[in-house]
Amino acid sequence: MAHEDHDAIYDLLAARGVSRRDFLKYCGSIAALLGLSQSFVPEIARAVNQAARLQPAVWLHGGACTGCTESMAQLGTPDIATVVLDILSLEFADTLSMAQGEDALAAAEAVFEREGEYILIYEGAVMKGFEGNALRVGGMTGLYELEHAAPGAAAIVAVGSCAVDGGFVMANPNPADATGVQAYLEEKGIDTPVINLPTCPMNPDWVVAVIVDVLLLGSLETGAILDKLDRFNRPKYIFSQTIHDNCPRRGHFENGNFVTEFGTEEEAKGYCLYKVGCKGPQTYTNCPIVRWNRKVSWCVESGAPCIGCGSLDWVDVGAPFLNRHRDLPLPNIGNTQPSTIAGVVAGVAAAGLAVHGIGMKATGRTSGGAPYEEMKERDRKRMKKGGGE
Amino acid sequence: MAHPAHYREAHPFIFVMTHWINLVSIVALTISGFYIHYPFLPGLMSVARGMHFFFMFVLLINLAVRIIGAFTVKSATRLGSREVDTDIKNWLPQKLNRGQMWPWLKYYLFLKKEHPIGAKYGVLQKLAYLFTVPLTLAAAYTGFAIWGPTMDWGFFIAGTDAVGGPMHMRIIHYYIMWGFIVFTAIHVYLANIEGTDPSKLIFKWQETEGLQFDAEGKVIGGKGH
Ligand code: HEM
Ligand code: HEM
Ligand code: SF4
Ligand code: SF4
C-alpha cells in the first residue's frame, strides 16, 4: 500500500519533470528548515505523498500585488515547491484556480463547510478603509470573505508582510487603513491560530515547510506548533537569526571592506553593503540560508542591500533603503535623517556656548568668575522682610 | 580673582580615577560609535566594534565603582574647605543648594552680577552630573538591546518591541551618544570658563589656593579674600 503511494507521487512528479532524487533532496531541505535531522526525510516524503487525503487548503487574497502567489507558483517552470503545494490539495486559489466566477466561489464554499479541516492561506493586507470596499470579492467585501473563511479554518498561514501586518499597503499614509490578518481577527474576536510568514514576497520554501510541519507532521494537532512560534507568531526556525548573522559578506563587514557607492570596484568585489543601507543587522529572517528563486541567489548575494522586508512595518522602518537609518517624519518639515537632526541640535548648542563664552569674557568672568554673593538671595529677602536672625 | 580654593578633599583620588576612566571610555565609545554608525575609513570595523564592546563594560564597571564610592568615601562638603562627609550627601542636593536654582540661572544668563553660593557643586552642575547616571544606564540598555549576545533576552526584547523594533532602538542609542556629546561640551565649557583650577584638581589632583568658605557659604579667608 505504502509502496503504491510512493509510486503515485513519483509518477506525478515525473510528469512535471521532477526526479525522485530531486524530490528527496527537497524533502531534505525542508527537514533542515524545520530543524529536523535528515532521518526525517522519508517521513516527510511519505507525509507529502499522503497529503491529498489530509486537510484541503484554500488560498485567499486581500490587498496584495499577488507577488506572493508569483513567488509560490513561478509558473513558467514549475519547481518542486509548486508541485508539492499542488499535491497538498490547494482546492481553491483566487489567482490559480482553473474555475472562474461562481464555480470557483462554490468550490471555496464547499471547503468552508468542512469546519476545522482546512488550512487558510491568506495573502495580502486586510483593508479596513472605505468600509471594506477597497476590495470586493463575489459581490461582497474582502473583509466579509476573511471573516467568513477564518473561523472554520484549522489554522491560518498569513503569507507575506501584507498579510502579517499590512506590509507596504499600510505604509504611511495608509489610505486603505490596512492591517494584518492576526490583528484584524483579534479585533473581531476570531481566535483561529495564525502563523505569520513575513517578507515581501514570502519565500515558497517556508510555506511548504510550515504546511509540512503543521499538517503533515501533526504539530497543529499536538499543539507543538505553538512552542515553535515567536512573539509575533512567526516560526522560530525561520525568524530567530538576523540576515547579518548568516551573511556570506560578513567577513567583509568585520574587515571593514564596504561598498560606499554603486558602480565602483568595491561593489564588483562583492564587499559588504552596510554603508549603502543594508538592513541585514536588524532583520530577522533566514534568507541567506533558504535563498530565493529556487535557491539561485538572494538579495545581498545578488548585490542589493537587504531592505528589511522581513521586519514589521518594514517600509516605514526601512526607507530610505540606501540609508543606514530610517527617516523621522518631522511635523511641518517632513522626512529627515536622524543624523541631520542631531547635527542641527548639536550645532545650536555649540553656537550657544560660543556666544555665552563671549558674554563671559565681556563681563570679565573668565579669570576666576564674578565676586561671590554675601548670602543667598532668598536669605537676603527674608532678612529684608524682618525675619532675619 | 574670586574663585574658591580647590583642595584634594573635594575629589578623593578614587574619583580622580573614575573621572579619567569615564573620560577615556566616553571618548572611545563615541569614536567607535561614530565609526559603527558610518564607517568613514575602510578596514577598521572589527577594531571599532571590539573597542566599543570593551569600553561599554569599562564604563559600566566604572559607574558601579563610582556609586559604591559615593557611599563609602568621604569628600569635601563644599569647595574651599577641607571639611568632609560621606560623598553621596555632597553629591545630591545639599542644604547650601536650597533655593539657588534661580540665582544660578540668572548668573549664567547675565541677569545677576554676583557669583551664587554653591556647595560641593552648584545646582545646575549637580543636575547635569546626576543626569549622566540615567544617560549611562540608557546607553547600556539600548546598547545591550542591539548587541547580539543579549538582544533576545526578554528584558531587552520588551523594550525593543515597545519602541517599534531594532531600527528604532539603534536610533535611540545613536541619540544617546549625542546626549553625551552635548553634555560633555557644556560640561567642559563650564568647568573651564572661569579658570582651569577645577581641571587641575580633577585630572592632576593638583591643589590650588583661593577663597575659603564656612558652612553657611560665607567667605572666611583664603587667597583673594
Ligand atoms: C554602556 C553601554 C553601551 C553598550 C552596551 C553599547 C552597545 C552598542 C552596540 C551593541 C552597538 C551596535 C554595534 C553593531 O551592531 O555592530 C552600538 C552602536 C553604537 N554605539 Fe554603543 N554601546 C554603549 C554605550 C555607548 C555610548 C556611551 C556611546 C556614545 C557616547 C555609544 C555610541 C554608539 C553609536 C553611535 C553606535 C552606532 C549606532 C548605529 O548607528 O547603528 N554607545 N553600541
Ligand atoms: C575633556 C573633558 C573633560 C573635562 C575637562 C572635565 C572636567 C571636569 C572637572 C573640572 C570636574 C570637577 C568639577 C568641579 O570640581 O567643580 C569634573 C567632574 C565631573 N565630570 Fe568631567 N570633564 C571632562 C569630561 C567628562 C566626561 C566625558 C564626562 C561624562 C560623560 C564627565 C563627567 C563628570 C562627572 C560626572 C563629574 C563629577 C565628578 C564626580 O563627582 O565624580 N566629565 N569634570
Ligand atoms: S551585506 Fe548586510 S547583512 Fe551582509 S554583512 Fe554586510 S551589513 Fe551584514
Ligand atoms: S534579504 Fe532582506 S530584503 Fe531580501 S527578502 Fe530577505 S528580508 Fe527581504
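Author: A salt bridge is a side-chain nitrogen of Lys or Arg within 4 Å of a carboxyl oxygen of Asp or Glu. With that rule in hand, we may examine this model, which is predicted.

Reader: How many salt bridges are there between chain A and chain B?

Author: The count between these two chains is six. One example joins B:Lys112 to A:Glu373, whose closest N and O atoms are 2.7 Å apart. Polar contacts between chain A and chain B amount to 27 residue pairs, with both residues at pLDDT 80 or more.

Reader: Which helices of chain A supply at least two residues each to the side that touches chain B?

Author: They are helix H13 (250–255), helix H17 (338–362) and helix H18 (377–384). The largest share comes from H17(A), with 11 residues. By class, this side of chain A divides into 19 nonpolar, 15 polar and 14 charged residues.

Reader: How is the size of such an interface expressed, and what area is buried between chain A and chain B?

Author: The size of an interface is often given as the accessible area lost when the parts come together. Between chain A and chain B, about 4,700 Å² is buried, and carbon and sulfur atoms give 59% of that area. In terms of residues, 48 of chain A are in contact with 54 of chain B.

Reader: Where does ligand 1 lie with respect to the chains?

Author: Ligand 1 lies between chains A and B. Of the 22 residues around ligand 1, those that come nearest are B:His37, B:Arg49, B:His52, B:Arg170 and B:His173. A nitrogen atom of the ligand is 2.7 Å from a polar side-chain atom of B:His52. For B:His173, the distance from a side-chain N or O atom to a nitrogen atom of the ligand is 2.8 Å. On the side of chain A, an N or O atom in the side chain of A:His325 is 3.0 Å from an oxygen atom of ligand 1.

Reader: Into which domains is chain A divided, and how many of their residues are in contact?

Author: Domain 1 covers 3–239 and domain 2 covers 243–326 of chain A. Contact between them involves 27 residues of domain 1 and 17 residues of domain 2. The area buried between the two domains is about 1,700 Å², with 57% given by carbon and sulfur atoms.

Reader: Which side chains form the salt bridge between these domains?

Author: The rule finds one salt bridge across this interface. In it, the side chains of A:Asp205 and A:Lys295 meet at 2.9 Å, N to O. The side of domain 1 that touches domain 2 has 14 nonpolar, nine polar and four charged residues.

Terms used: Residues are numbered from 1 along each chain as its sequence is written. Chains are lettered from A and ligands numbered from 1 in the order in which they are written. This is a predicted model: local features need pLDDT of at least 70, side-chain atom pairs count only at pLDDT 80 or more; totals for chains, interfaces and linings use all residues. Side-chain values use heavy atoms; hydrogens and water are left out. Domain bounds come from an automatic or database domain assignment. Contact means heavy atoms within 4.5 Å. Buried area is the accessible area (1.4 Å probe) that two parts lose on being put together, summed over both. Ala, Val, Leu, Ile, Met, Phe, Trp, Tyr, Cys and Pro count as nonpolar, Asp, Glu, Lys and Arg as charged, and the others, Gly among them, as polar. A residue is near a molecule or strand if one of its heavy atoms lies within 4 Å of it. A polar contact is a pair of N or O atoms within 3.5 Å; within protein, one must be able to donate a hydrogen and the other to accept it, and residues adjacent in sequence count only if both atoms are side-chain atoms. Helices (H or I, at least four residues) and strands (E, at least two) are DSSP runs, numbered from the N terminus.
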